[in-house]
Amino acid sequence: MPRHFLRDDDLSPAEQAEVLDLADELKKQPLGRQTLAGPQSVAVLFEKNSTRTRLSFEAGIAQLGGHPITVDGRSMQLGREETIEDTSRVLSRYVAAVVWRTFAQARIEAMASVSAVPVINALTDDFHPCQVLADLQTIRERHGALAGLTMTFLGDGANNMAHSLMLGGATAGMHVRIAAPKGFDPKASVLTDARCRAEQTGGSVTVFHEPAAAAEGSNVLVTDTWSSMGQENDGKDRVGPFRPYQIDGALLSKADPGAIVLHCLPAHRGWEITDEVIDGPASVVWDEAENRLHAQKALLCWLLAEERRR
Ligand code: CP
Ligand code: NVA
């Protein structure tokens, strides 16, 4: 079985640190010695909209000497009657890795289950692990280290960003706080897995229902849309319960004075975050977006090097 990156805890703490170190190296030398070791193609498939993920994977694969094949998944035979498994078997004959943005986590697990090449999660309903690698790189750049820092996510505790921050942050030894309205708590299984990982690293994962208490003394505040792709018509009130969780100047003032603010983007200004905060001195969102490029290049190089070692 090749190594896949379907969720954040697919990398051990030591492996996550290796990928982040490589990301820093690639950021310093974008066209350095790291390559895909040949003119290899990588499939980059999307069943949901994307700006950053699509552009950063395409640019990154080209910078590594590879060839990205980007396809709107809705135009593939997958969108008609072909199964995920049959699609995966075919892709393995053409490309060195498959990057996929899709809906249910079970879909990418099915793709990986028969794939002869690494499969990378470019966002599912449950996880967004490439984003969190970039987030960790960004936090480390600003704070020097990750272990022991307190990172607070405010918003939908059951969305892909909350889940990935829990798993990825715990892997890095961080104290992860999830502040969400009641009824929007993280999935119990993800909470259990993240706490299990935190026990190994000295981190912790705590769920709050009071945003100011969660923000108190935090080194990092993170937010995301209150309504993720695919949830637009799920019948839940995705505005009223979330209003107190908006990152505004007052909430930011509860955090540590050196706190930084992250948002994976796209931002809904005036909803989950104010203009004052996203355009203010604590915001690192543009570095965070840039780091998608470096972190994903590092991940691809690392996974393909693992393949060569097998
Ligand atoms: N943050 C992120 O994944 O952005 P896109 O949806 O634009 O790819
Ligand atoms: N939680 C958001 C992230 C977008 C990058 C969504 O899934 O739509």
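This is a short talk about the two domains of one chain, the two ligands, and a group of positions taken from a UniProt entry.

Good morning, everyone; please keep in mind throughout that what you have in front of you is a predicted model.

Let me begin with the layout of the chain, which is divided into domain 1, made of 13-128 + 292-309, and domain 2, which covers 131-289. The C-alpha centres of domain 1 and domain 2 lie 25 Å apart, and the contact between them takes 20 residues from domain 1 and 20 residues from domain 2. If we look at the side of domain 1 that touches domain 2, the elements that give two or more residues to it are α1 (13-28) and α11 (285-309), and the largest share, six residues, comes from α1. By class, that side of domain 1 has nine nonpolar, five polar and six charged residues.

Now to the ligands, and where does ligand 1 lie with respect to the two domains? Both domain 1 and domain 2 give residues to the shell around ligand 1, so ligand 1 lies between them. The residues that surround ligand 1 are Ser 50, Thr 51, Arg 52, Thr 53, Leu 123, Gln 131, Cys 264 and Leu 265, and by class they come to three nonpolar, four polar and one charged.

Around ligand 2 we find Leu 123, Asn 159, Asn 160, Met 161, Asp 224, Thr 225, Ser 228, Met 229 and Cys 264, a shell that divides into four nonpolar, four polar and one charged.

Next comes the database record, where the UniProt entry, which is unreviewed, lists Asn 160, Asp 224, Ser 228 and Met 229 under "binding site". These positions span 70 residues in sequence, yet no two of their C-alpha atoms are more than 11.6 Å apart, so they gather at one spot.

I would like to finish with two of these positions, Ser 228 and Met 229, and to ask of Ser 228 whether it is buried or exposed. Ser 228 is buried, because 20 other C-beta atoms lie within 10 Å, and Ser 228 is found in the loop between β8 (220-223) and α9 (249-252). Leaving aside residues up to four places away in sequence, Ser 228 touches Asp 156, Asn 159 and Asn 160.

Met 229 lies in the loop between β8 and α9, and with 16 other C-beta atoms within 10 Å it is partly exposed. With residues up to four places away in sequence again left out, Met 229 touches Lys 48 and Asn 49.

Technical notes. Residues are numbered from 1 along each chain as its sequence is written. Chains are lettered from A and ligands numbered from 1 in the order in which they are written. This is a predicted model: local features need pLDDT of at least 70, side-chain atom pairs count only at pLDDT 80 or more; totals for chains, interfaces and linings use all residues. A residue is near a molecule or strand if its C-beta atom, placed from the backbone, lies within 6 Å of it. Ala, Val, Leu, Ile, Met, Phe, Trp, Tyr, Cys and Pro count as nonpolar, Asp, Glu, Lys and Arg as charged, and the others, Gly among them, as polar. Domain bounds come from an automatic or database domain assignment. Two residues are in contact if their C-beta atoms, placed from the backbone, lie within 7 Å. Helices (H or I, at least four residues) and strands (E, at least two) are DSSP runs, numbered from the N terminus. UniProt positions are given in the numbering used here, feature names are shortened, and annotations may be inferred rather than shown by experiment. A residue is buried if 20 or more other C-beta atoms lie within 10 Å of its own, exposed if 12 or fewer, and partly exposed in between; C-beta atoms are placed from the backbone.
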